[in-house]
Structure formats: structure tokens, C-alpha cells
Amino acid sequence: MAEEAQSESNRSGGTDEGGESLVAEARGVYVMYQGCWLRPRAMQSVKLVQEHFKARPDDTLLATFPKCGTAWLKALAFTITNRFDHAATSDTHPLLTRHPQDLVPFLEMPYRQLHPIADLEKLASPRLLATHMPITLLPPCVSSLGCRVVYLFRDPKDVFVSLWQFTSKVHTEYTIDRAFELFSEGLSPYGPIWKHNLEFWKKSIAESDKVLFLKYEEMRAEPVKHAKMLAKFLGVPFTEEEMRCGVVEGAVHLCSFDKLRSMPVNSSGVTDRIDGVPMENSSYFRAGKVGDWANHLTEEMSKKLDAIVEEKLRGSGLTF
Ligand code: PAP
């Protein structure tokens, strides 16, 4: 308790010293690995990916900072690329019986004891895979082979709130204030968020044919337009005939927040997906809103995070 009080008092000063004590306090929870904050189990998993994952030229990687809409992107990319085998309107569509998080595997998730790399090898090409790893952690084979990458960006304030709501179910040691201070220092799984965002943003500008950079808020506003964009980038553009027949709208509807959330496979049950701790399947479908941060952050918090992220992104052309 004394240590806790000490670190609280350091932090309230808002000085560099406060920042340092925060970082010191978070060590143990997070480790810094090649410029990225990770939980220790995730670091082990990332190392395995770096050593053993073999990319294929026709792989597509769905890359996100945690809580940016990964499950949504997985559902949409899966539905679009598999629409010739599974129509979105089919009552046997895989999304009706499998959680989107399970339909597209992560490269690096350390869950279910077995590391998934051996399972990834068994998947037929072309593979749809996902990752929360920033570019600097990805094995060189991913960029050298020129695999396609779709990156989904989200307002960091909404990311923070979503992450806090999710992780507080498991890691009850942090209050929202404490988690906010850490996030503002860049301390969160796969953080700092701005570094993650910037790496993919720069890559998407340098190699626009290989990296598609999407924004959650824009997808929310115009899902049909973005589904078409995604299909084109994935090499399976919607035909005129499909567009006339409402195939795009069908895919968007199947993957919409309300539809996914209402499916029994997503609204019930628990799965071991986070640090060996069971998580409710429904926890991946909380609010699904743009701007939900306003219901959880004080004005001071939102201004602080905006200022930090704006400063970090300045000059890059990336805005939120
Ligand atoms: P992950 O990092 O654990 O993989 P991820 O799927 O990236 O989680 O993010 C979950 C967020 O996406 C949740 O946001 P919220 O907490 O602000 O509500 C979740 O509600 C949102 N989400 C899930 N599915 C959809 C969807 N179909 N449309 C829009 N947002 C969605």
C-alpha cells in the first residue's frame, strides 16, 4: 500500500518523474520487446512467430491495434473472400456457428496451450490471417514476400475505452484512471498505439498496393463503400451483377454489429482467448459505437489523449 501511495503521488505531479515511476510500476505487467509493450506471455508467442512463421506470397494479414474492430474486419474479409462457397444469406454460413475471432486465426495468440503456428501451416492457400503485432515485430518474410495487409485504425479514445472495458474483466487491478495514465504513456498491449498506427500508415503510403489503411469511423459511416474497397483490394471485386443483386449489402448486413452480436455463437459461452483466462464471447461485441469515449472519459482525459496522439502523429498526414 505504501508503494502504491508513493507511485500515486508521483503520478499526480504529471512530471517526467511521474511518467518514469509509472513505467517502472508497469514493468512485470508489460515487458518492452523490440520497441513494443507486451504482456510476457504475448512476448513468448511473438518470439515463436518471429522464429517459425513462414509467410506465403498469397497470404492476407488483417492487422489491428487491439480493440480497433478486429472481429468486424475478420468477419467482413472472411465473408467477402468466401462468398463463392458461402453466400452471406445462406443459413449454413460459417459465421452463424463460429465466432469471427476463430474464423480468422491470429499469428501470435498464446491461447489454448498449443501455439497456433503448426495449425497455420495446415491452412490451405490463400490464407486469411490476423495480427496485433506492429510492423517492427512482424517477421521479415511478411514484408519480403509482399503479403497483402489490411490495417484498421480507430480513434484512440474509443480504443482506450474498449480496451479498458475488456481487460478490466480479467485484470481487475487497474482503475480506469490508472489504465488511462498507462495508456497515455504508451503502455498497453502492443503499445504505444501511436507508434503502431504510424508504422502501418507510413507503409500504406509507401506501398499502397500492398497495405490498405482503413478507419473504423469511416467504415461505420459507409460500410458498403468500404466492403467494395476491401473486396477490390483482396483481389475479389464485386461484379456489376453482384452489386445489382445486393450481394454487397448482404455481406455488410451479416457482419454488422447488431447481427453479429445477436448470433447465439457470439452472445453466449466463454472461450479461452486472453492470457489463459476465459473471456465471454459477447465481450467482443460491447457497444460498437463511434464516440462512446464521451460516456467514459472526462473532458480533461479526452483533451489530454487527443493532445498526446496529435503530437505523435503530427506531420504524418494521419488524422482521427
Ligand atoms: P480484439 O482486439 O480483442 O480482437 P476487436 O474486435 O478489435 O477486439 O475490438 C472489439 C471492438 O469492436 C468492440 O468495440 P467497443 O468495445 O467500443 O464496443 C466491439 O463492440 C467492436 N465491434 C465488434 N464487431 C463490430 C461490428 N460488426 N461493427 C462495429 N464494431 C464492432
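In this predicted model, the count of disulfides comes to 0. A disulfide is a covalent bond between the sulfur atoms of two cysteines. Two of the cysteines can be placed by their accessibility: Cys36 counts as buried at 2% relative accessibility, and Cys68 is likewise buried, with a relative accessible area of 0%.

**Helix α12 and its surroundings**

Helix α12 runs over residues 223-233, and its buried residues are His226, Ala227, Leu230, Ala231 and Phe233. Why do these residues lie on the same side of α12? They cover an arc of only 165° around the axis, and that places them on the same side of the helix. An α-helix has 3.6 residues a turn, so residues three or four places apart point the same way. The elements against which the buried residues of α12 pack are two strands, β5 (148-153) and β6 (211-215), together with the helices α4 (70-81), α11 (216-221) and α14 (247-254). Just after α12 comes Gly235, whose phi is positive, at about 85°.

The packing of α12 with α14 can be described further, since the two helices meet at an angle of about 105° with their axes 9 Å apart. Angles of 65 to 115 degrees count as roughly perpendicular, and α12 and α14 are therefore roughly perpendicular to each other. On the side of α12 the contact is made by Pro223, Val224, Ala227 and Lys228, while α14 contributes Val248, Glu249 and Val252. Sorted by class, this contact of α12 with α14 has 5 nonpolar residues, no polar residues and 2 charged residues. Ala227 thus appears both among the buried residues of α12 and among the residues that meet α14.

**Helices α8 and α17**

Another pair of helices is formed by α8 (residues 156-167) and α17 (residues 299-313), whose axes come within 10 Å and cross at roughly 120°. With that crossing angle, α8 and α17 are therefore oblique to each other. The residues that make this contact are Pro156, Lys157 and Phe160 of α8 and, from α17, Ser302, Leu305, Asp306 and Val309. By class, the contact of α8 with α17 divides into 4 nonpolar, 1 polar and 2 charged residues.

**Backbone details in the loops**

Some loops hold cis peptide bonds or positive phi values, and the table lists examples.

| Residue or bond | Feature | Value |
|---|---|---|
| Ser125 to Pro126 | cis peptide bond | omega near -5° |
| Gly191 to Pro192 | cis peptide bond | omega near 0° |
| Gln34 | positive phi, not a glycine | about 50° |
| Tyr190 | positive phi, not a glycine | near 70° |

Pro126 lies in the loop between α6 (117-122) and β4 (128-131), whereas Pro192 is found in the loop between α9 (176-184) and α10 (193-206). That loop between α9 and α10 also holds Tyr190, so a positive phi and a cis peptide bond are both found there. Gln34, for its part, is in the loop between β1 (31-33) and β2 (36-38).

Are Gln34 and Tyr190 buried or exposed? Gln34 counts as partly exposed at 45% relative accessibility, while Tyr190, with a relative accessible area of 6%, is buried.

**Two residues and their contacts**

Met219 lies in helix α11, one of the elements against which the buried residues of α12 pack. With a relative accessible area of 1%, Met219 is buried. Apart from neighbours within four places in sequence, the residues in contact with Met219 are Trp72, Leu76, Leu152, Leu214 and His226. One of these, Leu152, is 67 residues away from Met219 along the chain, yet the C-alpha atoms of the two are separated by 9.4 Å. Another, His226, belongs to the buried residues of α12.

Arg286 is placed in the loop between β8 (277-280) and α17, and at 31% relative accessibility Arg286 counts as partly exposed. Which residues does Arg286 contact, leaving aside its neighbours within four places in sequence? They are Val161, Ser162, Gln165, Phe257, Arg261, Asp292 and His296. The C-alpha atoms of Arg286 and Phe257 are 9.2 Å apart in space, while in sequence the two residues are 29 residues apart.

How values were computed: Residues numbered from 1 in each chain as written. Predicted model: local features only at pLDDT ≥ 70, side-chain atom pairs only at ≥ 80, totals over all residues. Heavy atoms only, no water. Buried < 20%, exposed > 50% of the residue type's maximum accessible area, 1.4 Å probe, protein only. Helix = DSSP H or I, 4+ residues; strand = E, 2+ residues; numbered from the N terminus. Arc of directions from axis to C-beta. Contact = heavy atoms within 4.5 Å. Axes fitted to C-alpha atoms, helices over the stretch in contact; angles between N-to-C directions. Parallel < 35°, antiparallel > 145°, perpendicular 65-115°, else oblique. Nonpolar A, V, L, I, M, F, W, Y, C, P; charged D, E, K, R; others polar. Disulfide = S-S within 2.5 Å.
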